[in-house]
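The following exercises are to be worked with the sequence and the three-dimensional model at hand. Each task is followed by a solution in steps.

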Amino acid sequence: MRRHPRTTAIATGALLAACSLAVPGLGTGAAGAAPPPATEHTAAATAEARQQAAAFWTPERMRSATPLDLTADHPAAPPAPVQAGARHTTVAPTPPTTTHDTTAVRSFPQAGGPWTGGGAVVKTSGRVFFTMQGRTASCSGDAVTSANGSTVLTAGHCVKYQGNWHTNWTFVPGYHDGQAPYGTWAATKTLSTPQWTASEDMNNDVGAAVVGPLDGKRLTDVVGGQGLDFNGGYNKRMYSFGFPAASPYDGTKLIHCSGNSTKDFLLTKDHGLSCNMTGGSSGGPWFTSFDEATGTGLQASVNSFGYTFLPNTMFGPYFGDVAKTLYDQAQTG
């Protein structure tokens, strides 16, 4: 989870970096100008490379990975407006090939606590691990319904930061205390929005990854995939999930928050939600239309940042046309 300017790290020893803010959108550059940054990065393209990336993440390395927690270091530009008349689009969840527990927990509202309800979210949510500037780090992510059956959504800063794409990028669905019950899935490529790759615009702090097959199976064949909601509006009942690893959490289990979301009234057009999750939860999914009994919903955001002067509140980017374009780019990859 990222922290806004005028802030400090969530916990001593947390990985610090910059959470840059919005600038005007990409346009055609002048003659001789540097080209805009690429919006995707080829990762472990071959089966051998994916095996090596997965093997890198031993239980010990996963437990010791630093929770990614970023602080901004310069003023924000005005937030970009939500596009008027944007088309509301939803994608249905994909059930896994195996059954799952459907125990309801009745956890609304919830400011932060372990998810004990079972259901599909236990399989689709997971920890994201990568190497960043020579250090092992972690975020969160979620498997979603996709044409390729291999798409993970996360935060933009969980795939690229300060002009550098993270390496050894893997997704561990159902992570628990160093264990990978559904395997370790290495990315064949990682992607983010043009606005994030160019200027680290926190209004568009959304990332994605396409993971390679494991034992001949695609990701959503094994764990299923959550649905999606684009241009669904604000002020919704929301559930947020992630693997916070900074105090008071330790990254060993799935944590959730729930409540009625708001719209950021300060520097972004993001959703806001009462939530005490900390560093390492970045990239975890936010759901609308979430069914506690089945653990399924429509993903409409990801954990992104918080203001330290507004404690116990999480913010996540609005899934509009920019996020939809990124999703389409990833699911056809």
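**Exercise 1.** Determine which strands helix 6 lies across, and describe the sheet that contains them.

*Solution.* Begin with helix 6, residues 321-331, in this predicted model. This helix lies across strand 5 and strand 15 (227-230). Its direction makes an angle of about 145° with strand 15.

Next, place these strands in their sheet. The sheet is open and has 7 strands, in the order 5-15-21-20-16-17-6, with mixed pairing. Strand 5 (89-91) and strand 6 (110-114) each have a single partner strand, so they stand at the edges and one side of each has no neighbour in the sheet. On average, neighbouring strands of the sheet are turned by 30° against each other, direction ignored.

**Exercise 2.** State how many bridges join strand 16 to strand 17, and in which relative direction the two strands run.

*Solution.* Recall that strands of a sheet pair through backbone hydrogen bonds, either parallel or antiparallel. Strand 16 comprises residues 237-242 and strand 17 residues 255-260; they run antiparallel and are joined by 6 bridges. As one example, Gly242 has Ile255 of strand 17 as its bridge partner.

**Exercise 3.** Decide whether Leu191 is buried or exposed, and identify residues that surround it.

*Solution.* First, locate Leu191 in strand 13, residues 185-192. Its relative accessibility is 0%, and a residue counts as buried under 20%, so Leu191 is buried. Beyond its neighbours within four places in sequence, Leu191 is in contact with residues including Thr39, Trp165, Val210 and Leu326. Val159 is also one of these contacts. The C-alpha atoms of Leu191 and Val159 are 7.0 Å apart, although the two residues are 32 residues apart in sequence.

**Exercise 4.** Establish which polar partners the side chain of Asp264 has.

*Solution.* Asp264 belongs to the loop between strand 18 (262-263) and strand 19 (271-274). With 5% relative accessibility, Asp264 counts as buried. A polar atom of its side chain lies 3.0 Å from the backbone nitrogen of Leu266. The Asp264 side chain also makes a polar contact of 2.8 Å with the side chain of Tyr307. Leaving aside neighbours within four places in sequence, the contacts of Asp264 are Asp270, Phe305, Tyr307 and Phe315.

**Exercise 5.** Name the residues that touch the most other members of the largest nonpolar core.

*Solution.* In soluble globular proteins, nonpolar side chains tend to be buried together. The largest nonpolar core here has 36 residues, and those touching the most other members are Phe130, Trp169, Phe171, Leu219, Leu228 and Phe319. Apart from this core lies another of 14 residues, among them Ala65, Trp115, Tyr239 and Leu254.

Notes:
Residues numbered from 1 in each chain as written. Predicted model: local features only at pLDDT ≥ 70, side-chain atom pairs only at ≥ 80, totals over all residues. Heavy atoms only, no water. Core = buried A, V, L, I, M, F, W, Y, C linked by side-chain atoms within 4.5 Å. Buried < 20%, exposed > 50% of the residue type's maximum accessible area, 1.4 Å probe, protein only. Pairing = 2+ DSSP bridges. Helix = DSSP H or I, 4+ residues; strand = E, 2+ residues; numbered from the N terminus. Axes fitted to C-alpha atoms, helices over the stretch in contact; angles between N-to-C directions. Contact = heavy atoms within 4.5 Å. Polar contact = N/O pair within 3.5 Å; in protein donor to acceptor, adjacent residues only side chain to side chain.
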